Every structure is written in C-alpha cells, then in structure tokens.
Amino acid sequence: MIHRRLLAAASIAASLAAPVALPTLAHEGHEHGDAPKPVVATATPTMETSSSDFELVAVVHGKGLLVYLDRFVTNEPVTGATVEVTADGEAVTASPVSGEEGVYSLDAAWVSKPGPHELTVSVTAADAADLLIGTLEIPATAQPAGSGGRGGVSAMLGQVRHDPGLMSGAVMVFLLGVLTTVALTQRGRARTVAGAALIGFGLLLASGAAFAHGGEDHSHGDEAKDKTPGAAATPMAVTGAAESPRRLPDGSLYVPKTSQRLLSVRTTVAKTQQAAQTVQLIGQIIADPNGGGHVQATQSGRIEPGEKGLPYVGQRVEAGQVLATITPAVNVVDRSGIQQQIATVEQELVIAESRVQRLRKLEGSVPQRDIEEAEANLNGLRKRRAALSPTLTTKEALRAPIAGVVTANNVKAGQVIEGRDQVLFEIVDPSRLMVEAVAFDPRVANAIKAATATTADGTGLSLELLGSSLALRQQAIPLLFRIANPPAGLGVGQPVRLVAQVQGTASGIVLPRHSVVRSAGGQPIVWQHESPQRFVARPVRTQPVDGGTVLVLAGIEPEARIVTDGAGLLNQVR
Amino acid sequence: MKFSTLLVAVTLFAAPATAFAHGPSVGPHGGPVTDAGTYHTELVLQGNDVVLYVTDGSDKPVDVAGAKAEATILANKQTQKVALEPAGANALKGKANLGESHDSVKVVTALTMPGQKPVQARFEMGHAGH
C-alpha cells in the first residue's frame with residue numbers, strides 16, 4: 001500500500017514535470033514556415049512580422065500603435081508608404097510620424113483590451129505592396145485598470161515566470177512536499193495525498209515558465225516552439241532596462257527598431273560567389289622613374305632664382321621650365337688664368353689675321369698650302385676666343401626635366417652649390433605613381449595576377465602588375481605595380497596594404513570589410529539579422545578579396561541577412 | 001487508483017507530442033500550404049475563384065460546415081476582401097476580381113472555425129490564373 005502511494009505521488013509529480021523536460025524532444029523533425037523566435041520580454045507589447053519585402057514592428061504606444069517599417073533586405077526605413085492596420089474587423093490607416101523616417105502611428109482603441117489580437121497590415125510603398133499578418137498579445141498586467149480577467153493560477157504562473165525569487169520558492173515548496181511525503185507516508189492516506197499535492201504544486205510553479213509561453217508565437221505545440229534548447233524552462237526574459245539594446249543570455253542582441261535607426265544598421269543578403277584566391281602584402285608608394293625627376297647642378301656655383309622665383313614645395317611645374325640659374329663660381333686664380341688665356345689668344349688672333357691678309361694679297365706667288373694653313377690657324381684661334389669669353393659670365397639654367405609637382409626644394413637664393421651630388425629639386429608626376437611591395441614567397445610573386453591596395457586612411461587603389469625583380473632584396477622579392485587612376489592626396493613613401501589575387505578561385509560569401517568585427521574573444525564574427533529586433537553573432541572564417549571586401553569561407557548560410565553598416569556599433573552592445 | 005493515476009500521467013506525457021505532426025508546403029490541390037492556428041490551410045487561385053482547403057495538423061481534411069473565412073487579396077497594388085463560404089468537404093470558396101496580368105499575389109486569410117477564434121494565414125502566390 002505504502003509503495004503504491006509513493007508510486008502514485010511520483011506519477012503525478014512526473015507527469016506535471018514532463019512539459020518542462022520534453023519541449024526539446026517535441027521539436028524534432030518539425031519546422032514551421034516562419035523561423036522560430038526566442039522570447040524577448042519587452043516593456044511594451046510588441047508585434048514583429050516580416051515578408052520578403054518588408055520588416056514590420058508594431059509597438060503599443062499609449063492608446064495607439066507605432067509601426068516601424070523597414071526594407072527586409074537592407075533594413076532601410078520605408079518612407080512615404082501607406083500603412084493600413086486591420087484588427088478586430090476594423091481598418092485604420094496609419095499616418096507617418098513627422099521628423100522620423102519609416103515610422104507610422106495610428107490610434108487603436110483595442111490596444112487596451114487584453115488578449116491576443118490578430119493584425120493584418122497592408123503596406124503600399126512606391127515600389128512594392130504587401131500584406132503582413134501577426135498577433136499582438138496585450139498582457140493583462142500591462143493594463144491594470146479595467147482588465148482583471150486573468151487571475152488565479154495563470155496570474156501566479158505569470159508572476160513566477162518573471163521572478164527568479166518565486167521560482168526558488170517553488171523549488172522549496174517541492175522539497176517540502178517530498179519531505180512531508182516521506183515523513184507521513186506511514187500515517188495515512190489523506191496526508192500522502194496532501195504531500196503529493198505539494199510536490200505537484202511545486203512542479204507546477206516551476207514549470208510555470210513553460211506554460212506561460214503559450215501565446216507568444218503561433219504553434220501546435222505551445223511551449224515547444226522555442227528553438228533554443230532550454231529556453232522553455234528559462235525564458236530569456238530580461239527584466240529591468242526596457243527599450244534599450246541589450247545582450248541576451250544566449251549571446252544574441254536585442255536591438256529595438258529605434259536603436260537600429262539611430263545606429264543606421266543596414267544589412268545585405270548573403271550570396272555565394274566565386275572570388276580569386278588572395279594574398280596580403282605590405283608595400284609603399286613610389287614615384288615612377290619616368291614620372292619623377294631630380295634637378296642637379298653640373299658645376300659649383302651660386303643659385304639665382306629663375307624668372308618666376310624659386311619653386312615652392314607643392315608647386316606644379318612644366319617640363320623645361322627654368323627653376324633657377326647657377327652663376328658659375330670661379331676663384332681668383334682661375335679667373336686670372338682665364339683672362340691671361342684670353343689675352344694670349346687675342347694677341348695671337350691679331351697676328352694670325354694680319355698674316356692671312358698678307359698671304360691673300362700674294363695669292364699665286366706663295367704656295368696655296370701656306371694660305372690655307374694661316375686661315376685654319378685663324379679659325380682655330382677665333383673658336384678658342386669664343387669658347388673662353390663666356391666662361392666668366394654665362395649662367396647655367398636649371399630646368400624641370402618633367403611636368404609635375406615639386407616635392408622637395410633644397411636650395412635658397414644665393415646659396416652656393418658645391419659638387420654634383422647635391423639634389424636641388426625633386427619633382428613627381430602625381431598621375432604616374434607606383435607601388436612597390438615585397439613578397440617573401442617566390443611562388444606568390446610568380447602567381448600574382450592583379451592587386452588592389454588600401455592606404456591607411458582607407459583609400460582604395462587598383463593596381464596593375466609591372467613585374468617582379470629577379471634579385472632578392474633582404475631575402476624578399478620586390479614587386480612593382482602601377483596605380484591606375486591614382487586619386488589625389490597620395491604621397492611618395494606612404495605605406496599601403498596590398499591584396500593581390502593569385503591563380504585559383506575560392507567560393508564563399510562576399511561582404512564589405514567593415515561587416516566583419518571581432519568578438520570579445522578576438523574571433524572574427526558577423527552579425528546576422530535574425531528577426532526584426534534580434535541580431536545573432538556568427539563566427540566566420542574570412543579571406544580578403546580586395547581592399548574593401550572580404551570573402552566569408554565558412555560560418556554563414558546563403559540568404560542570411562548580414563549587417564553591413566553599424567556592425568561595429570552593434571558589437572559594443574553589452 | 002493506480003490505473004487512473006497512470007492514465008492521467010500517460011495523457012499528460014503525451015500532450016507535447018502533438019507538435020510532431022506536419023506536412024509539405026505544397027498541398028494536394030497544387031497550392032501553397034500554411035499553418036493557421038492548429039490547422040493547415042491550402043489556398044488555390046483559379047481564375048477569379050479563391051478556394052481555401054482546411055486540413056488538420058496531420059493533413060486530414062476537416063469538415064468546414066459552419067465555418068467562415070475572409071480573404072484579403074493584394075493584387076496589382078489593390079487590396080480587396082473576399083468572403084469565403086463553405087463549399088462542401090474541407091473547401092471554402094469565394095469570387096475575387098483579380099484582373100489579368102500580375103506578378104505576384106499576396107493573400108491573407110482569416111479562418112473562423114465554428115466556436116473558435118479567427119486564425120490568420122498568409123500566402124504568397126508566385127503566379128495566379130493557371
């Protein structure tokens with residue numbers, strides 16, 4: 001008899017406990033049309049629904065509804081749409097809220113009526129029209145005045161569900177019941193039943209969380225709806241801060257539409273693509289040897305400004321433009337030597353001239369050979385005179401070898417230049433810049449087909465491979481790329497990060513680089529827009545495609561909506 | 001006592017198992033199938049005829065005598081409401097004005113089974129009128 005009673009008590013207790021333990025089992029092999037959503041407790045009743053065009057969140061606001069309407073694919077607010085909400089057989093057209101994009105408000109008397117409301121929302125935007133449905137659950141507690149419909153056990157369950165303290169109380173009632181049953185089993189039947197009832201009551205309270213889910217989402221199996229294992233027993237209800245973005249216990253993010261608008265979160269739909277295999281290199285910008293010039297003096301002398309003065313750094317100069325002149329520096333000894341030479345040559349010149357004249361008069365009587373010798377001598381002396389005379393006065397013009405921008409000016413007016421090694425001006429043609437990179441793997445150097453580069457400030461450059469050196473420099477192979485259409489503001493010597501495409505392709509999902517952020521553990525992740533107000537972190541394996549995009553090789557499924565803009569801000573939600 | 005207790009226990013254990021039942025997304029009449037409350041509903045558009053077939057969770061036809069339904073149809077950016085009347089067995093029928101050519105038609109049905117609350121279902125028809 002005693003054993004029977006114990007068995008009876010245990011049976012009742014176990015059967016009551018079953019709904020708590022079974023939900024995960026009950027879910028197997030069954031998938032509803034729309035993705036199951038974990039329960040997120042919101043301070044105000046909220047309805048989320050979406051179709052292939054739109055994503056809609058309706059929030060109870062006072063005596064009406066606020067409707068947030070976004071594009072499903074991009075999460076952009078939809079402006080200028082006509083939104084008509086039908087509930088309880090009554091159709092109301094929402095009016096756009098001024099000053100906010102994609103927010104529509106309407107008055108709805110029925111929001112004060114507790115219970116589930118079936119909503120049909122008709123959306124007509126410029127380019128698409130749609131019908132959306134959803135269930136807005138108005139809880140009894142949200143409207144204390146004039147409700148009072150739900151009391152007794154269900155209200156108690158609701159309270160237990162929200163309060164961990166009560167939950168532990170229920171556990172204690174259960175333990176008390178067990179003790180009572182054990183202690184009183186021998187005393188009589190009525191008390192055993194009382195003990196069993198206590199056990200059952202404790203379990204009922206504990207499972208209240210599971211029962212209390214009933215109306216959250218349409219389903220055949222009530223609490224079995226939640227996909228997250230164990231979510232039925234421990235709802236993801238977060239009491240406290242109401243409509244602020246927050247991290248849920250499972251690591252996903254609850255981001256209300258208002259916050260999504262603030263962070264301007266945008267998404268894209270993942271599509272599998274083929275992309276070239278890539279390698280990353282470090283390089284720097286250099287001037288094209290044909291597009292960069294040095295100006296040097298061929299002799300020592302004193303700098304004098306050209307017609308337009310000395311060029312400034314940053315000044316644009318034309319090919320052949322005189323940048324400065326050099327007055328040759330001749331010291332006193334040299335100068336007197338040259339003057340002596342000039343005097344000697346002039347003296348010889350006078351003698352030679354008179355000799356030629358005399359011989360010409362005697363033409364026919366003197367040998368022709370003598371006349372020609374004298375004339376040759378005279379010509380030679382004249383050339384010597386011509387060569388000697390300008391040495392003391394002629395200035396050397398320093399001309400720009402190419403058109404471009406002056407990048408260095410190492411001289412000042414009046415400065416004396418010594419020797420030939422000194423570079424006076426540097427000129428770079430900004431339309432003919434190059435990138436020099438080093439590759440440590442010869443196979444990589446030979447396999448590179450095309451490349452892109454990004455500067456530190458994020459400017460993208462498209463590169464064209466010119467060639468690679470055959471000689472190693474510090475155990476690395478220098479590679480040279482030409483920048484196609486270089487943007488303004490590049491500087492010689494600026495470091496750049498290169499993504500070079502090598503032979504072979506990889507299949508994956510192409511995303512912008514800023515989609516991929518780091519988790520707290522340093523793992524690369526992307527944020528997936530799972531349901532209108534929920535984002536889930538997906539760890540990914542990536543490979544760069546070019547400076548601005550990455551290829552996700554693993555971690556996300558095609559057709560998933562991945563956050564592109566605002567991923568970094570979402571990542572900071574705690 | 002023991003038997004009755006066991007019966008209660010078995011019943012309670014079995015309750016969550018109802019969630020197992022389910023069917024394909026295209027119904028026997030060639031239309032899309034969607035859940036509507038505890039029912040499965042299949043919608044077929046033939047010309048201007050709108051037919052809603054109702055089955056239970058295990059795709060067994062359900063008698064719809066006494067039931068009523070309303071279809072909200074969005075075609076060519078125009079919405080129209082069509083009342084669907086029981087038309088024998090598990091079908092509810094109504095007449096809509098769908099016009100000629102349209103890319104996609106979206107339909108929301110509100111089905112009220114006798115003595116129950118209305119349940120909604122949403123259908124997206126690729127191309128109607130075939």
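Strands, like helices, are DSSP runs numbered from the N terminus, a strand being a run of at least two residues marked E. With that in hand, the loop that holds A:Ala125 is easy to place: this loop lies between strand E7 (115-124) and strand E8 (129-138) of chain A. The model described here is a predicted one.

A:Ala125 makes a good starting point for a tour of chain A. With a relative accessible area of 5%, A:Ala125 counts as buried, because buried means under 20%. Setting aside residues up to four places away in sequence, A:Ala125 touches A:Phe54, A:Arg71, A:Val78 and A:Ala81, and also B:Lys77 from chain B. One of these partners, A:Ala81, is 44 residues away along the chain, yet a separation of 4.2 Å is found between the C-alpha atoms of A:Ala81 and A:Ala125.

A second stop in chain A is A:Gln260, which belongs to helix H7 (residues 257-262). This residue is buried too, its relative accessible area being 2%. The side chain of A:Gln260 forms a polar contact of 3.1 Å with the side chain of A:Asn75. Beyond the neighbours within four places in sequence, the residues in contact with A:Gln260 are A:Asn75, A:Val255, A:Val265, A:His529, A:Pro532, A:Gln533 and A:Phe535.

Attention now turns to chain B, which contains one helix and eight strands. Read from the N terminus, the helix comes at the start and the strands follow, in the pattern α-β-β-β-β-β-β-β-β. Eight strands of chain B form an open sheet with antiparallel pairing, in the order E1-E2-E3-E6-E5-E4-E7-E8. At the edges of this sheet are strand E1 (33-36) and strand E8 (119-125), each of which pairs on one side only. From one strand to the next, the twist averages 25°.

Within the sheet, strand E4 (residues 68-75) and strand E5 (residues 78-86) of chain B offer a pairing that can be followed in detail. Seven bridges link these two strands in the antiparallel sense. As an example at the residue level, B:Thr72 has B:Lys81 of E5(B) as its bridge partner.

Some overall values complete the picture of chain B. This chain has 130 residues, and 44% of them count as buried. Among the contacts in chain B with a separation of 6 or more, 47% come from residues 24 or more positions apart. The accessible surface of chain B amounts to about 6700 Å², and carbon and sulfur atoms account for 58% of that area.

Methods: Residues are numbered from 1 along each chain as its sequence is written. Chains are lettered from A and ligands numbered from 1 in the order in which they are written. This is a predicted model: local features need pLDDT of at least 70, side-chain atom pairs count only at pLDDT 80 or more; totals for chains, interfaces and linings use all residues. Side-chain values use heavy atoms; hydrogens and water are left out. Two strands pair if DSSP finds at least two bridges between them. Helices (H or I, at least four residues) and strands (E, at least two) are DSSP runs, numbered from the N terminus. Axes are lines fitted to C-alpha atoms, for helices over the stretch in contact, and angles run from 0 to 180 degrees between N-to-C directions. Buried means under 20% relative accessible area, exposed over 50%, partly exposed in between (1.4 Å probe, protein chains only). A polar contact is a pair of N or O atoms within 3.5 Å; within protein, one must be able to donate a hydrogen and the other to accept it, and residues adjacent in sequence count only if both atoms are side-chain atoms. Contact means heavy atoms within 4.5 Å. Accessible areas come from the Shrake-Rupley method with a 1.4 Å probe; for residues, only the protein chains shown count as cover.
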